[in-house]
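Subject: Structure handover

Hello,

Here is the structure we spoke about, for you to look through. My notes follow below it.

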Amino acid sequence: MAAVAPLRDLSEVLRDGMSLQRELLASLAEGPKTIPEIAEVLHAPTREVALWVMMLRRYGKVADLPKGAEEEYTRYRRVEGA
Amino acid sequence: MTEGGRGSDFDVLVIGGGIGGMESSLSLGDMGFHVLLVEKEPSVGGKMILLSKVFPTLDCASCISTPKMAGTQNHPNVRTLVYSEVERISRRPEGGFEVVVRRKPTYVDFAKCTGCSLCETACTVALPDEFNADLAARKAAHIAFPQAVPKKAVITRKGLSPCSHECPAGVKPHGYISLVRAGKYDEAFRQHLEDAPLVGVLSRACYAPCEEACTRAEVDGTVTIRGIKRFMADRYYAAHPEPEYGPPKERTGKQVAIVGSGPSGLTAAFYLGREGHSVTIFEAAPEPGGIMRWGIPAYRLPREVLARDVMNVTALGVEIRTSTAVRSLQELHGYDAVLLAVGSTGGRKLGAPGEEAPGVVDAVEFLGGVRAGRPMDLRGKKVVVIGGGNVAMDSSRSALRLGAAKVDLYCLESRLEMPAHRWEVQEAEEEGISIHPSWGVGKVETGAEGRATGLEMVRCSSVFDAQKRFNPTFDRTVSERVGAEVILLAIGLRPQTSPFAKELELNRGGSVKADPETLQTSDPRTFSAGDAVMGPANIVRSIGQGKRAAFYIDRFLRGTPLQGIQFDVRMPVADKAAVVAQASSRPPREVERAPVAERIRAFAPFERAMTEEEARYGATRCLDCGGCSECRECIAACPADAIDLHMATQMETYKVGAIALATGFDVFDAQKKPLLGFGKFPNVITGVQMDRILAPTRPYNAVLRPSDGKSPSNIGFVLCTGSRDEQVGNRACSRVCCMYSVKQATLLMGALPTADITIYYTDIRAFGKGYEEFFQQAQEMGVRFVRGKVARVEEVDHQDLEVHYEDFEGNGGVTKARHDLVVLAVGLLPHQLPDRLFQGERLERDSLNYVREMDEELDPGRTNIDGVFAVGAASAVRDIPDTVLHSGAASAQIAAYLKRRAEA
Ligand SMILES: Cc1cc2nc3c(=O)[nH]c(=O)nc-3n(C[C@H](O)[C@H](O)[C@H](O)COP(=O)(O)OP(=O)(O)OC[C@H]3O[C@@H](n4cnc5c(N)ncnc54)[C@H](O)[C@@H]3O)c2cc1C
Ligand code: SF4
Ligand code: SF4
Ligand code: SF4
């Protein structure tokens, strides 16, 4: 089994989220994206991006689009004015 | 009705506001008893309000809880104290108990807060959300969860962050760093301006004690606090050549005279000006700034930066009369108050023969000449600087920049004792200055025309005596001759107080005698601040004194007493060890500097400003030591003016007749089973987390897995995690894990109709009413039950998981299965009450460490302590129906007890 890097401390990931929220919102400028798609733009692990997206969602800066039953991932869009 | 209380404030104290505590409070309240309910979290509701649905009926947990929560809060006989903890309970001789309750500061005035959440949105500090079982973020300012009762915000403050705690001026580095991190640069500047007006000066010339205190230094190097400040100050000043405000409209009609425009005088003027007093600063020099203008070399503090800072003060209508020396307090008789902020810039004498010779120059005068544009001509000269402090460093480095051929610095102190900062000494040496520690001046040698030609230096054996007083001793048998054309004396400074010696009490060294708290002098109308009081200190300490003086002068002018009120009371410093553990390595990026050869050619600043990217990188290194950063964004956002960061803990004492312990249970920490991968693999979660994911107020928009937001399609449940397990010291069956897992599996079948769901179990305990049917129903819906013991969970590709288990059925043996999400059904543990909660009495525990009920069948809830009852999950593992039943029974016991006492 390949060695797994330990998960980065949650508090540290969230601190980074406060800094990266602008880049994250900018990554949604061209249109809605899934978490893996955002992670690719930000060059960040998907687990961390998931935490940041959920934080922005909680505070009304991103919203989710309806997801079809066949789709694996939700797409998130930037909320106008956020 | 206070029957059983007899002289008590309340008949019953209920500790814990979960479903058990609420039930008991409501039933006792309905019976007419007066109840005090104490809950440690910011809301009542306990664990139940955070659940999805309840087994076996699948009723919505919050639909059942919310009316009870509101009922408790509004019941006329129940007083609820949230965010409070019972510290001590002692028996009163006359019967009943005395309880001490610690009311934790919420930093929000609940009477004003409307629960609008605007503070949360604005807050710049993100923390793990314990109400979402760490699946998501919340902010330092937060409302616990959407249905919280009371629905009020609280602010997490774990102490003052070390940087902010250390700043003598009360600047809050953590605050502006968190703002810079969030990209709120102008807000960062304004936050600093609130705390000290000389933002530019501090960003260039502060010795930054905050950086020495910074927790990050213990990980991989301090947060570059001053560099970040320079970034935000430079940026703000470039965009705002003038302040954004003018004089305050409301005037007090009071006149204040400030003597001296150094950091303490300017700062006091700023705060007094903001209060609407008319402030006039008298300054002997032709430009304001004191040492900042005439002492600190331009390569450390350019003139324009100071000038812009001064505008922060004058914009308030403060008048600065330059070239106006005040020679007596009499000259200021028309003013209502006076602040002497005259600093400490007088030179000291060596006391060595020859020191009056031409060529021996006071270092402060020398530096003043440079900054006034009249530098000494040192080109090609050999210069000796005497002194080991900051002035000596500035003088020698300035001499070098004026073209001196060679600069030697001699000081009494050994290298380690030198008062200059280590980085300053290092920079000076880099630039080519030779430092000679442990030498004193024997005499100044003079030539034919009486000019200084050199010095005789003698070995200094020690500088301080046993009492740590300055008292140098010399070994005159060791001496050295040094040639010098110019000798700069930087051997200490004297306060400039001589004009006032007859009017005010002074200390021996010439500093003004002032009350250390209020800074009032022997003349009640006159206050004094800065180096005039402290002796030579530094800018940031002087700013702190200027603020302090302004605070007390304002009170003096308003006729309010000065005594009995403290300025700048700080909360204790946050625990560094707790945050160090949260940091992975991320070393600082050094602020770029010009190469030495370029540096020493001119007086231009050689430290380059950080780029935006560098400043943000620097700011993300901050560990948010104290939780809330004091950035004040919430205060700006709150429409109700509800936030008060100065709140403090309150201790309250109540007399009560009886006590109900409804403190519930704790949950097993799944990291104690490391082979199951919780905390290591993002897609291994606990049952508590799964209940949050399924709850209406869930952390995500749907059922998703934490690693990447994918809808899981194949979920495995591992039952009995941390229950019936001697290895982790819990042999009890947790009773609820089977049923809550079956519940979650059933709900997941609804939410993800195509998903495969497997439950690994050793045996299913479905003992309650309707539980067996509930279990069967899940099987019929297609949930797979696999009888087997899970040995370990491993991560495979796509962050999926492989569950390795011993198959008790089928083919037997060890086998494995792949899932994209694994849920560990963690067990329940007895709740740990605070040590020594009961004074002089010991609360008995049963063999599983739950609170012992003396007779479960006949006397439910009664403990070994007379008058103390256990309710709900405090005395045994109980699910919600059992907890509700038990609470009712215990309440009846409590009522009977109170009646008996009333009648006795
Ligand atoms: C994941 C999960 C799912 C569950 N699902 C179900 C379900 O579907 N159906 C069901 O019937 N049961 C379920 N349960 C069990 C149920 O949650 C408990 O039975 C119930 O919450 C017990 O209520 P309580 O009031 O005794 O304790 P709690 O709900 O734990 O409340 C105790 C309260 O006391 C406070 N407190 C503790 N110490 C102090 C102190 N010193 N000072 C002040 N306050 C203090 C706590 O903060 C808490 O608010 C589940 C449990 C878990 C973990
Ligand atoms: S912004 Fe003010 S009123 Fe609104 S929740 Fe926060 S503290 Fe309460
Ligand atoms: S002061 Fe700043 S960090 Fe503290 S709670 Fe308010 S917004 Fe959050
Ligand atoms: S890590 Fe941040 S909050 Fe902590 S002391 Fe350093 S700058 Fe201050």
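Which residue does a disulfide join to Cys60(B)? The partner is Cys63(B), with the two sulfurs 2.5 Å apart. Please keep in mind throughout that this is a predicted model.

Cysteines

The search covered the whole structure and found 1 disulfide over all chains. The link between Cys60(B) and Cys63(B) is right-handed, with 85 degrees about the S-S bond. Cys63(B) has a relative accessible area of 52%, and because exposed means over 50%, it falls in that class.

Two other cysteines of chain B deserve a line each. For Cys460(B), the closest cysteine sulfur belongs to Cys411(B) and lies 8.9 Å away, which is too far for a bond. A disulfide needs the two sulfurs within 2.5 Å. Cys460(B) has 5% relative accessibility and therefore counts as buried, the cut-off being under 20%.

Cys738(B) is in no disulfide either; its nearest cysteine sulfur, in Cys720(B), is 5.6 Å away. With a relative accessible area of 6%, Cys738(B) is buried.

Ligand 2

What surrounds ligand 2? There are 13 residues around it, and the closest are Cys113(B), Thr114(B), Cys116(B), Cys119(B) and Cys638(B). Sorted by class, the shell of ligand 2 consists of 10 nonpolar and 3 polar residues, with no charged ones.

Interface of chain A and chain B

On the chain A side, 34 residues are in contact with chain B, and on the chain B side 48 residues take part. The two chains bury about 3400 Å² between them, and carbon and sulfur atoms account for 51% of that area. Which residues of chain A lose the most area to chain B? They are Arg15(A), Met18(A) and Tyr59(A), and together they make up 21% of what the chain A side buries.

As for polar and charged pairs, the interface of chain A and chain B holds 6 salt bridges by the rule applied. A salt bridge is also found between the side chains of Arg58(A) and Glu120(B), at 3.7 Å from N to O. The count of residue pairs in polar contact across this interface is 18, with both residues at pLDDT 80 or more.

That is what I have for now.

Regards

Conventions: Residues numbered from 1 in each chain as written. Chains lettered and ligands numbered in written order. Predicted model: local features only at pLDDT ≥ 70, side-chain atom pairs only at ≥ 80, totals over all residues. Heavy atoms only, no water. Buried < 20%, exposed > 50% of the residue type's maximum accessible area, 1.4 Å probe, protein only. Near = heavy atom within 4 Å. Nonpolar A, V, L, I, M, F, W, Y, C, P; charged D, E, K, R; others polar. Contact = heavy atoms within 4.5 Å. Buried area = accessible area lost by both parts, 1.4 Å probe. Salt bridge = Lys/Arg side-chain N within 4 Å of Asp/Glu carboxyl O. Polar contact = N/O pair within 3.5 Å; in protein donor to acceptor, adjacent residues only side chain to side chain.
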